[in-house]
Amino acid sequence: MSDKPIFIKHANELITVAGGSDKPFKREEMNNLRIVKDGGLWIENGQIIAVGTTEEIQSKYSDRLNESIIVNATGKIVLPGLIDPHTHLVYAGSRENEFNMRLNGATYMEIMNNGGGIHATTTRTRAASYEELLSESKARLDSFLKHGVTTVEAKSGYGLDWDTEKKQLEVAKQLNEEHVIDVVRTFMGAHAVPANYKENPDEFVRIVIEEMLPQVAKENLAEFNDVFCERGVFTPEQSRKILEAGKTYGLIPKIHADEIEPYEGAELAAEVGAISAEHLLRASDNGIKKMAEKEVIGVLLPGTAFFLMAESARGRKMIDEGVPVALSTDCNPGSSPTTSLPFIMNLACMKMGMTPAEAITACTINAAHAINRSKEIGSIEVGKKADIVMMNVPNYMQLQYHYGMNHTDMVIKNGKIVVESGQLC
Ligand SMILES: N=CN[C@@H](CCC(=O)O)C(=O)O
Ligand SMILES: [Zn+2]
């Protein structure tokens with residue numbers, strides 16, 4: 001039996017972000033949220049069926065109002081379900097000890113080079129059972145959902161050996177099947193050089209290329225292939241090889257670029273035709289220009305800069321230069337242990353000079369483009385999946401103005417109410 005239709009009425013602002021399904025929004029387009037005042041929405045069979053003013057929808061479906069669930073959005077805003085296009089969702093343990101070390105002056109790379117950082121989480125993730133990983137990651141997804149997030153990208157990369165990389169991707173697959181949030185998978189075997197290959201990193205690169213990537217493709221474990229291109233991790237040359245090899249198996253390139261130092265990662269993203277380049281704190285002017293030319297999406301992670309007490313990426317400049325920008329939590333245990341995408345939007349405004357409207361575009365339609373889902377999600381348009389969030393603020397600017405708060409009131413996923421009054425149903 002199909003679910004009851006849902007009629008959302010009287011949304012103070014129905015923020016559709018419509019019109020960007022073919023290409024991500026850039027420059028001024030990112031400021032245009034295509035808002036319907038006193039908005040109405042008809043949802044049925046998991047899909048958005050009609051969008052307009054309350055009056056329009058009410059008269060169109062007047063003979064069916066009795067059979068529908070009516071949601072009164074008076075005084076609230078309604079927007080597309082938020083999309084997080086960059087997370088390290090599946091991992092074991094936490095690293096508050098490193099947080100303490102950094103507050104005492106140690107740097108992220110020093111900790112990593114001394115066997116902590118990604119290596120510490122790798123040890124914990126290798127040791128965790130499949131069930132433990134599943135349950136820790138599920139709790140994080142529940143928290144994402146309570147913050148209005150309906151789709152999440154999830155990377156492997158805390159295995160650095162085949163069995164654990166596979167375990168992480170299989171956990172992500174099972175979560176996609178069982179949890180209401182959609183989980184999109186990225187292989188990131190090249191997240192760090194494991195300790196036993198420290199003297200011979202090229203051999204590890206060979207293993208990623210010749211042994212892991214073919215297996216990822218054969219077992220259909222991921223859609224994207226990511227690499228941490230950073231001085232002391234993988235060089236641009238090694239990263240290029242890994243991303244090009246992934247392409248031959250149909251894996252779409254993504255890249256962790258220019259996070260700690262300028263390293264021509266943004267330039268490499270443009271060269272290999274990556275769908276997105278992430279972090280970009282230290283991306284060069286030339287790299288930004290090349291990304292704009294090739295329409296590589298800049299996935300910016302201001303929570304990471306905040307937590308590492310580093311200068312944020314130049315989000316304002318990137319948008320002004322024509323880079324389509326998306327935002328993400330980077331949820332991971334070392335550099336950004338949060339699931340609050342709304343807080344990331346606050347930071348984008350306060351630390352990168354983005355406007356509240358640009359921040360919403362960056363967490364909806366542009367984020368959908370960054371994970372190749374723009375035809376299905378990311379905007380409120382007829383025919384798209386009914387992934388919808390209602391926030392308890394009267395206008396979209398208050399989402400960023402009342403910073404650090406969770407305004408999520410209701411979440412509808414695939415046409416079903418899954419969060420009500422801020423609580424999971
Ligand atoms: N910078 C590389 N990878 C992750 C952090 C991983 C970790 O510290 O555990 C990131 O995107 O921030
Ligand atoms: Zn990351």
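# Briefing: two domains, a ligand shell and a buried helix

Helix α13 covers residues 341–352, and its 12 residues reach 15 Å from the first C-alpha to the last, close to the 16 Å expected at 1.5 Å a residue. The helix belongs to a predicted model. The protein chain is assigned two domains: domain 1 takes residues 6–81 and 378–424, and domain 2 takes residues 82–371. The points below cover helix α13, the domains, the sites that UniProt lists, the shell around ligand 1, and G116.

**Helix α13**

- Because 10 of its 12 residues are buried, α13 is largely enclosed by the rest of the structure.
- The buried residues of the helix are L341, P342, F343, I344, M345, N346, L347, A348, C349 and M352.
- G353 comes just after α13 and takes a positive phi of about 70°.

**The two domains and their contact**

- Between the C-alpha centres of domain 1 and domain 2 there are 29 Å.
- Domain 1 gives 33 residues to the contact, and domain 2 gives 35 residues.
- On the side of domain 1 that touches domain 2, the elements giving two or more residues are the strands β5 (77–80), β14 (388–391), β15 (408–413) and β16 (416–420), together with helix α16 (397–401).
- That side of domain 1 is made up of 18 nonpolar, 11 polar and four charged residues.

**The UniProt domain entry**

- An unreviewed UniProt entry lists residues 77–418 as "domain: Amidohydrolase-related".
- Over residues 77–418 the chain is 44% helix and 17% strand.
- The C-alpha atoms at the two ends of this stretch are 17 Å apart.

**The annotated binding site**

- UniProt, in an unreviewed entry, places the feature "binding site" at H86, H88, H256 and D330.
- These positions are spread over 245 residues of sequence, yet they cluster in space, with a largest C-alpha distance of 12.2 Å.
- H256 is part of strand β10, which runs over residues 252–257.
- H256 has 27 C-beta neighbours inside 10 Å, so H256 counts as buried.
- Leaving out residues up to four places away in sequence, H256 touches D226, V227, F228, C229, E230, E278 and H279.
- D330 sits in the loop between β13 (325–327) and α13.
- D330 is also buried, because 28 other C-beta atoms lie within 10 Å of D330.
- With residues up to four places away in sequence set aside, the contacts of D330 are H86, T87, L301, G303, T304, S335 and S336. One of these contacts, H86, is itself listed by UniProt under "binding site".

**The shell around ligand 1**

- Ligand 1 is surrounded by 14 residues, and the closest are I118, F228, N332, G334 and S335.
- The shell divides into nine polar, three nonpolar and two charged residues.
- F228 is among the residues that H256 touches, and S335 is among those that D330 touches.

**G116**

- G116 lies in the loop between α3 (108–113) and α4 (118–127).
- With 19 other C-beta atoms within 10 Å, G116 is partly exposed, because a residue needs 20 or more to count as buried.
- Apart from residues up to four places away in sequence, G116 touches E98 and I111.
- G116 and E98 are 18 residues apart in sequence, and their C-alpha atoms are 8.0 Å apart in space.

Terms used: Residues are numbered from 1 along each chain as its sequence is written. Chains are lettered from A and ligands numbered from 1 in the order in which they are written. This is a predicted model: local features need pLDDT of at least 70, side-chain atom pairs count only at pLDDT 80 or more; totals for chains, interfaces and linings use all residues. Domain bounds come from an automatic or database domain assignment. Two residues are in contact if their C-beta atoms, placed from the backbone, lie within 7 Å. Helices (H or I, at least four residues) and strands (E, at least two) are DSSP runs, numbered from the N terminus. Ala, Val, Leu, Ile, Met, Phe, Trp, Tyr, Cys and Pro count as nonpolar, Asp, Glu, Lys and Arg as charged, and the others, Gly among them, as polar. A residue is near a molecule or strand if its C-beta atom, placed from the backbone, lies within 6 Å of it. The expected span of a helix is 1.5 Å times one less than its number of residues. UniProt positions are given in the numbering used here, feature names are shortened, and annotations may be inferred rather than shown by experiment.
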